[in-house]
Amino acid sequence: MERDSRSGEGIYALASGEGVSAVSVLRLSGRGTLGLLEVLCGERQRGGVHSFPPRKCVLRRLFHPHTGMLLDQALVVYFESGKSYTGEEMAELHLHGGLAVRRAVIGCLSEMEGWRPALAGEFTRRAFLGGRLDLQETEAILDLVNAETEEQRRQAVHQLSGDTGRGYRDWTDTVKMVLAHVEASLDFPEDADFDAFEGGGRDVIEKVCAEMKYHLGRAKYGERLHQGLLMVIAGEPNVGKSTFLNRLSEREAAIVTSEAGTTRDPVEVRLDWNGLPVTVVDTAGLREDAGDIEQMGIERALGFLERASVVVWIKEAGKRMKGRAWQRMVPQGTPMVELYNKIDMLREDKTSRHREGGRALSYDVSLKTGENWMYVKGELEKLLRGLVVGGDQALLVRERHKDGVMKARRSLLRALKAKDLVLVSEELRQAIRHLGTVTGKVTTEEILDVVFRDFCIGK
Ligand SMILES: Nc1nc2c(ncn2[C@@H]2O[C@H](COP(=O)(O)OP(=O)(O)OP(=O)(O)O)[C@@H](O)[C@H]2O)c(=O)[nH]1
Ligand SMILES: [Mg+2]
């Protein structure tokens, strides 16, 4: 059976990237796809057997139906409705990858009645509306397309694998079952010779609450991996902050000079640090007597410290530092590493004495000569990895998921405290509704718009 898309129109878009490539893939979805293929390829159904067997690649010449002009020779794959990504009839045209070929075929499609270019995320939106995907899977597809590092890919694939969806479904089914028992004893109090909730339901709900608590506790790992980590480099002027950024990113990302106050604008570099998505930010040196422009840089630096996942505080080994007060600007709970830099300048008899404890891990290093650098880099990576540990297996990776589960859990906790079965059933119902917002069983246009906003065209 054909599923109605909201508009009923056919849509098309390039599914492969822009630019020249060997092959580019054009995707079509909507009722009438088969008819369109026949028109484009100049073929007619013969004796009920059409020339596009579903899910088979066939080589065809494409013509402009109005002018008869040959456009390209393409591999055509046809998908029946109900057995395609969107759930509608679909096709893929594997064209030659040149710009002019693409332009000609797309130009031709734009002249076809009932067909228009797809909006960003529209294929996936149709898949969702057609019941092919739930909202979580939809987001996972988006994440997979956008994954920049290996760890992010693993997380997205895990979300898509259905294991996570099963987690929510199990909770929902369990709560539904308890609700059914509670309702039964409300409807037929004379038959209920036991209190449905006390006799089993309570234990089950307590167990679900405990599981939710466990997953909420781990949500921060999942969210960090999903969003990427922010490593902020801070310290007084001229200590080697920009040298650190350049060494880490293996290029001259920031200007290094012997003058204090070189860096003013924050310099951001995105890194794939052995699979971890990390944005490293070099900031203006912190000092009291800064000029106006430098002061603006310092304010931006402090803004980054607020948001940091990790702070790398650089100091000069063997030198007394004045700016202790600055370090208090790092929020409690943000992990901090102190690097005592320029150990190449220390005299033989002088060591950097800095192991007085405190909240930070401290290391000696020379960012210029590279002494101790590999060790420090390894330690930093360990720290970062610790912040996303298990993030690829996390159930909750977005604020939206956390929010839904948190609210569902609150309802369940209220149900456990309720003195009256009517209240219990009301709270259980609420919990199911909140879980539904995560999977999309309960959706509003608003949620859909948020989810699909970040999609690219052709997906
Ligand atoms: N001897 C020595 N010099 C270093 C080392 N690391 C950095 N420097 C030098 O210290 C000076 C300042 O380095 P930067 O990286 O620009 O320092 P910064 O902290 O970014 O300075 P501002 O941007 O001004 O706050 C430069 O001349 C660097 O070459 C080191 O390990 N040993
Ligand atoms: Mg600098």
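**Exercise 1. The shell around ligand 1**

How many nonpolar, polar and charged residues does the shell around ligand 1 have, by class? Work this out in the predicted model, and then state where the shell comes from.

*Solution.* Begin with the extent of the shell: 22 residues surround ligand 1, and the closest are Gly240, Ser242, Thr263, Gly285 and Lys368. Sorting the shell by class then gives six nonpolar, 12 polar and four charged residues. Finally, turning to secondary structure, helix α8, which covers residues 241–249, gives the most to this shell, with three residues.

**Exercise 2. Two sheets**

Describe the strand order, the edges and the pairing of the sheet that contains β1 to β6, and then treat the sheet that contains β7 to β12 in the same manner.

*Solution.* The chain has 14 helices and 12 strands. In one open sheet, six strands follow the order β3-β4-β5-β2-β1-β6, and their pairing is mixed. The edges of this sheet are taken by β3 (57–63) and β6 (115–117), each of which pairs on one side only. On average, and with direction ignored, its neighbouring strands are turned by 30 degrees against each other. As an example of pairing within it, strands β2 (residues 23–29) and β5 (residues 90–96) pair in the antiparallel sense over seven bridges, and Ser24 stands opposite Leu95 in β5.

The next step concerns the open sheet of six strands with the order β8-β9-β7-β10-β11-β12, in which the pairing is mixed. Here β8 and β12 stand at the edges with a single partner strand each, so one side of each is left without a neighbour in the sheet. Neighbouring strands of this sheet are turned by 25 degrees against each other on average, again with direction ignored. Strand β7 (residues 229–235) runs parallel to strand β9 (residues 276–282), and five bridges join them; among the paired residues, Met231 has Val280 as its bridge partner in β9. Helix α9 (residues 292–307) lies across β7, β9 and β10 (310–316), and it runs at about 135 degrees to β7.

**Exercise 3. Positive phi at Glu250 and Lys342**

Determine where Glu250 and Lys342 lie, and decide for each whether it counts as buried or exposed.

*Solution.* The background is that most residues other than glycine have a negative phi. Glu250 has a phi near 55 degrees, a positive value in a residue other than glycine, and it lies in the loop between α8 and β8 (267–273). Because Glu250 has 9 C-beta neighbours inside 10 Å, it counts as exposed, the cut-off for that class being 12 or fewer.

Lys342 also has a positive phi, of about 65 degrees, although it is not a glycine, and it is found in the loop between β11 (336–341) and β12 (361–364). With 25 C-beta neighbours inside 10 Å, however, Lys342 counts as buried, since that class begins at 20 or more.

**Exercise 4. Helix α4 and the chain as a whole**

Compare the reach of helix α4 with the expected value, and establish how much of α4 is buried.

*Solution.* Helix α4 (residues 135–146) has 12 residues and reaches 17 Å from its first C-alpha to its last, which is close to the 16 Å expected at 1.5 Å a residue. The helix is mostly covered, with nine of its 12 residues buried, including Leu135, Ala140, Ile141 and Leu142 as well as Glu137, Glu139 and Asp143. For the chain, buried residues make up 39% of the 459 residues. Among contacts in the chain between residues at least 6 apart in sequence, 65% join residues at least 24 apart.

Conventions. Residues numbered from 1 in each chain as written. Chains lettered and ligands numbered in written order. Predicted model: local features only at pLDDT ≥ 70, side-chain atom pairs only at ≥ 80, totals over all residues. Near = placed C-beta within 6 Å. Helix = DSSP H or I, 4+ residues; strand = E, 2+ residues; numbered from the N terminus. Nonpolar A, V, L, I, M, F, W, Y, C, P; charged D, E, K, R; others polar. Pairing = 2+ DSSP bridges. Axes fitted to C-alpha atoms, helices over the stretch in contact; angles between N-to-C directions. Expected span 1.5 Å × (residues − 1). Contact = placed C-beta atoms within 7 Å.
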